[in-house]
Amino acid sequence: MIRPTQILHAQREPAAVRAAATVLLLRDGPQGVEVLMTRRSPTASFAPGAYVFPGGVVDAADTEAHRIANRRPTQDDSRLTQCIAAIRESFEELGILLARRADGSPPTADDMATLKRDESLLAQFEVRGLRFAADEVYLFAHWITDRDSPKRFDVPFLIARMPQGQVPVADEAEQFEPVWVRPSEALERHKAGNFFMIFPTIRTLERMDQFADVEAVLAACASEQPMWISCPRGGYVKGKIERYMEHEMQFGELAMVSPDGQIQHALDWNTEAPARLLKNVMRLTAPNPGVMTGPGTNSYLVGDGATGYIAIDPGPNDPQHIQRLFDAAGGDIRHIVCTHSHADHSPGAKPLQALCRNKPVIHGLPSAPTARPASEFTPDRVLGDGETLTVEGGGVTHTLKAIHTPGHAANHLCLVLVEDGLLFSGDHILNGSTTIVDPPDGNMTHYLDSLDRLRAACGEYDIEFILPAHGHVLGFATRVIDNLKKHRLQRESKVIAAMRARRGGTLEDWVELAYDDVPPRMWPMAQRSLLAHVQRIEALNLA
């Protein structure tokens, strides 16, 4: 776990969340699913002027109404309360009523005409013998308002089929201009600037747009589990605030830099200046973007002005990048360590060393005989598995522990910043792409075994964040590793199936079957990992 003293920004407690509920009322239109939306008051304290779904805060009467609510056996009390709240809010705001009479029939015209929006719906239902049709309301997604917001809500996004014969009429106080709209249309209008929506609404509509009809949506929600639970985080991209969900590439970095959710961090890739991630960690990305390198190779500096710095992966021999790395450390580089010897990682080590007055030692593992000529590397000192590098000063210590992780390369190391539980993963784990395992120096069995070692290290050192050589910081470290291994084994299953379908075939024969989810232009690179899979499969006699 990261030491609080190393977090860049003073932390504050996010606002408390209030329980709320919202409902997407759906109908089948000529061109697919349509959803009922309405515009919030321009003076509203939350999301003023935004197009939203009807909903609001849960109140005590919603729990009391359990006794006159229809429910599915799988709906627990908490979900029932939320469904009742959404039904109440949709009536108060738009006059839409999800209810049934005692005999199961819908409310009569007289019921609809008599019920008053500004009076207790529970009391009126009891007088007229109506019941909340909570059994017709299903859970779609679950949102928790971003941590940086002064007003925050814990909101299930529920769905229900629009009752027949009812027409929405806005209350003209909280909500205005009810409109039926296809999800794709709402998204297009928002992009054009004339249909303002907030982030959770946008993402919900993006997912809703994938369904052909209302029945398909309801079927997808039958499990009573949300399609996702998300409390987004925000950062700056080109000077504008952009928000991200937990599964997106930028989320982990935002969580590490601003745990409390304050919007402080710029996510843009900048090769000319270091990105400060913690007080003791800087990242400087080399100007070598490409298909294999993503935005470029990440060099890291671990340490501070009092301790001096350890430079991780100086990158390619790019004089400007090396000078910037030197300058970012104030010239005080105590150690240089290379995670492996590929051409975008280690060639900058000796030029960086030459700039330093104290000539820091270059650490790493020597390249194996299987390495390609461009990847030959001999460190000044072999950094063995389990060995450590330390810088200290001013009462502070920063310790990197090496973990030998062959697979991508025979001499690959990952590094754990012990005091803060951070994993520098080199090329073994990337953000935004899958590591190439290229024989003979790459080995798929070794790669998978190394993932297991890293998984164990996460538990031993309380690792939550992974700092890769390419891409942003990854959060949810153990989940990332588990998913990566699962992905590799799923790919292996597809390779086995391809080999069985085309016995005696070649890599060219198998790649189009095993990598049918990858663009054909990427198949030549995919064949390198395919060969590693084939060698493993043949060694284990799996095909």
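This passage describes the aromatic pairs and the charge–ring contacts of a predicted model. In this model, local features require pLDDT of at least 70 and side-chain atom pairs count only at pLDDT 80 or more, whereas totals for chains, interfaces and linings use all residues. Residues are numbered from 1 along each chain as its sequence is written, and side-chain values use heavy atoms, with hydrogens and water left out.

A search of the whole structure yields 11 aromatic pairs (rings of Phe, Tyr and Trp, the last by its six-membered ring, with centres within 6.5 Å; planes under 30 degrees apart are stacked, over 60 edge-to-face and the rest tilted). One of these joins Phe140 and Phe211, which are edge-to-face because their ring centres lie 6.3 Å apart with planes at 65 degrees. Phe140 belongs to strand β7 (residues 138-144) and Phe211 to the loop between α6 (199-208) and α7 (214-220), 71 residues apart; helices (H or I, at least four residues) and strands (E, at least two) are DSSP runs numbered from the N terminus.

Phe140 also pairs edge-to-face with Trp228, the centres being 5.9 Å apart and the planes at 75 degrees. Trp228 lies in the loop between α7 and β10 (229-230), 88 residues from Phe140. Phe140 has a relative accessible area of 0% and is buried (under 20%; exposed is over 50% and partly exposed in between, with a 1.4 Å probe and protein chains only). Phe211 is buried, as is Trp228 at 15%. Phe140, Phe211 and Trp228 belong to one aromatic cluster that also includes Phe53, Trp143, Phe157 and Phe199.

Charged groups also sit over rings (NZ of Lys or CZ of Arg within 6 Å of the ring centre and within 35 degrees of the ring normal). The charged end of Arg72 lies over the ring of Tyr138, 3.8 Å from its centre, and that of Arg479 over the ring of Phe476, at 4.2 Å.
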